[in-house]
Amino acid sequence: MKKYPYYVWIASLFGLGFIPSGMPGTVSSAAACVVSAFVDVPMWAIIAVTLIGVYVTGMSEKFFNTKDPSFLNIDELPGMWLSIYLLPKGFIIPGFFMFRLVDILKPWPVCAMEKLPGGWGIMADDVVGGILVNIFLQALNAYFYHAGWLFEVVSKWL
């Protein structure tokens, strides 16, 4: 295996992005789901990974002299974790598929976030995508199960 600086290894999730699967984002999102199946990832950890990701992906972009290479996939962690934040474990699989769909299609405002400079653009599109997915899943949770933070907010208004 090639020797890269520490920040490349962190940005590639310790080499996971270099696995020749052709789908590094999907593999990394699946890894985030596995973590979420066993641990409720706290918001401070999501924020910490996001900030670390901004730094290491920005440095990695400069190292490779290319914009957002596919093997820099630390951005999938906070995006996926935000997709299912404060939702029951049963939402992990739907959250995974919805997050991947949003990450691939990049609807507005996700596509607008990619235009931010350096590591901010790499991380922000997945963070915003995760937030959008979470709001949609929270709406489903509220509608079908009368549960979740969105249900609590809306039920106070009605």
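Mentor: Before we start, a quick definition: accessible areas here come from the Shrake-Rupley method with a 1.4 Å probe. Keep in mind that this is a predicted model.

Trainee: Fine. About how much area does the chain expose, and what share do carbon and sulfur atoms supply?

Mentor: About 8700 Å² is exposed, with 75% of that supplied by carbon and sulfur atoms. On the inside, buried residues account for 46% of the 158 in the chain.

Trainee: How many helices and strands should I look for?

Mentor: You'll find 8 helices and 0 strands, so the DSSP runs read α-α-α-α-α-α-α-α along the sequence.

Trainee: Why does the radius of gyration agree with a compact globule?

Mentor: Compare it with the rule: for 158 residues a compact globule would come out near 15 Å, and the chain has 16 Å, which agrees. The C-alpha trace spans about 55 × 30 × 25 Å along its principal axes.

Trainee: Now the core. Which residues have the most contacts inside the largest nonpolar one?

Mentor: A nonpolar core joins buried residues through side-chain atoms within 4.5 Å. The largest one here has 27 residues, and Ile74, Leu77, Met80 and Trp81 have the most contacts inside it. Helices H1, H2, H3, H4, H5 and H7 each give two or more residues to this core, with H3 providing the largest share, 5 residues.

Trainee: What does methionine 80 touch, leaving out residues up to four places away in sequence?

Mentor: Met80 touches Ser29, Ala32, Cys33, Ile92, Gly95, Phe96 and Phe99. There's also a second, separate core of 7 residues, including Leu87, Phe91, Val102 and Val133.

Key
Residues numbered from 1 in each chain as written. Predicted model: local features only at pLDDT ≥ 70, side-chain atom pairs only at ≥ 80, totals over all residues. Heavy atoms only, no water. Buried < 20%, exposed > 50% of the residue type's maximum accessible area, 1.4 Å probe, protein only. Helix = DSSP H or I, 4+ residues; strand = E, 2+ residues; numbered from the N terminus. Contact = heavy atoms within 4.5 Å. Rg over C-alpha atoms; globule rule 2.2 N^0.38 Å.
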